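Here is a friendly walk through one protein chain, meant to be read with the viewer open beside it. We begin at a single residue and work outwards from there.

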Amino acid sequence: PKELPPGSYDITFWGIKIPGVVVEKRKDTRIHAGILHSTVKGTWEVWSIDGVKIYTSGGPKQVGLPVGDYILKTKGAEIKTTINDGKVSILSFTSY
C-alpha cells in the first residue's frame with residue numbers, strides 16, 4: 001500500500017495506461033484487473049488491441065492484467081480475449 005493525496009491519477013500497469021484512477025482520503029483504491037491463466041507449453045504473447053506487445057512468456061503462467069480486450073499470440077495463432085474484473089481467463093492451445 002502507498003498513501004497518496006486525494007485526486008485523480010493516471011497509472012501504468014504492465015505498460016498499459018489506466019487513466020483517471022480516483023484516490024479518496026482514507027479509502028482503499030482498487031484497480032480493476034483479472035488473471036490470464038495460460039497452459040501453453042511454449043512461447044506466447046499478450047498484445048493490446050492497438051498492436052502493442054505487453055507480455056511474453058516461454059511456458060505456462062498466470063499473469064495479472066487490467067480489465068480490457070487483448071490479443072494472445074502463440075504458434076502462429078491470434079486469439080482475442082477479454083480480461084474481466086476479478087475473473088480468471090484461461091488460454092489453452094494445442095497445435096497438431
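## Starting from S89

Leaving out residues up to four places away in sequence, S89 touches I35, L36, H37, T81, T82 and I83. Please keep in mind that the model is predicted. S89 itself sits in strand β9, which covers residues 88-91. Is S89 buried or exposed? With a relative accessibility of 12%, S89 counts as buried, because the cut-off for buried is under 20% relative accessible area.

Some of these contacts can be placed in named strands. Strand β3 covers residues 33-38 and is joined to β9 by 4 bridges, the two running parallel. Across this pairing, H37 stands opposite I90 in β9. On another side of the story, β8 covers residues 77-83, and S89 has T81, T82 and I83 among its contacts.

## The sheet around β9

Which strands make up the sheet that holds β9? It is an open sheet of 3 strands in the order β6-β3-β9, with mixed pairing. The edge strands are β6 (61-66) and β9, each of which pairs on one side only. On average, neighbouring strands here are turned by 25 degrees against each other, with direction ignored. As background, strands of a sheet pair through backbone hydrogen bonds, in either a parallel or an antiparallel way.

## The four-stranded sheet

Another open sheet has 4 strands, in the order β5-β4-β7-β8, and its pairing is antiparallel. At its edges stand β5 (53-57) and β8, each with a single partner strand, so one side of each is left without a neighbour in the sheet. From one strand to the next, the twist averages 25 degrees.

Within this sheet, β4 and β7 are joined by 4 bridges and run antiparallel. E45 stands opposite K73 in β7. A good residue to select here is S48, which lies in strand β4 (residues 44-48). At 13% relative accessibility, S48 counts as buried. Its contacts, leaving aside neighbours within four places in sequence, are with I54 and I71. The numbering places I54 within β5 (53-57) and I71 within β7 (68-74). For a distance to check in the viewer, the C-alpha atoms of S48 and D85 are separated by 17 Å, with their positions 37 residues apart along the chain.

## A hairpin and two positive phi values

Strand β1 (residues 7-13) and strand β2 (residues 16-23) run antiparallel and are joined by 6 bridges. One of the paired positions is T12, whose bridge partner in β2 is K17. The two strands form a hairpin with 2 residues between them, and W14 is in the turn.

What is the phi of W14? It is near 55 degrees, a positive value in a residue other than glycine. K75 is another case: its phi is about 50 degrees, positive although K75 is not a glycine. These values deserve a look because most residues other than glycine have a negative phi. The loop between β1 and β2 holds W14, while K75 lies in the loop between β7 (68-74) and β8 (77-83).

The table sets out the relative accessibility of the residues discussed above.

| Residue | Relative accessibility | Class |
|---|---|---|
| S89 | 12% | buried |
| S48 | 13% | buried |
| W14 | 41% | partly exposed |
| K75 | 47% | partly exposed |

## The whole chain

Stepping back, the protein has 0 helices and 9 strands. Read from the N terminus, its elements run β-β-β-β-β-β-β-β-β. The C-alpha trace spans about 55 × 20 × 20 Å along its principal axes.

How much of the protein is buried? Buried residues make up 30% of the 96 residues. The accessible surface comes to about 6,600 Å², and carbon and sulfur atoms account for 53% of that. Among contacts with a separation of 6 or more, 42% link residues that are 24 or more positions apart.

Charge rounds off the picture. The protein carries 13 positive and 9 negative side chains, and the centres of these two sets lie 5 Å apart.

Methods
Residues numbered from 1 in each chain as written. Predicted model: local features only at pLDDT ≥ 70, side-chain atom pairs only at ≥ 80, totals over all residues. Heavy atoms only, no water. Buried < 20%, exposed > 50% of the residue type's maximum accessible area, 1.4 Å probe, protein only. Contact = heavy atoms within 4.5 Å. Areas by Shrake-Rupley, 256 points an atom, 1.4 Å probe, with all protein chains shown as cover. Lys, Arg positive; Asp, Glu negative; His and termini not counted. Charge placed at Lys NZ, Arg CZ, Asp CG, Glu CD. Pairing = 2+ DSSP bridges. Axes fitted to C-alpha atoms, helices over the stretch in contact; angles between N-to-C directions.
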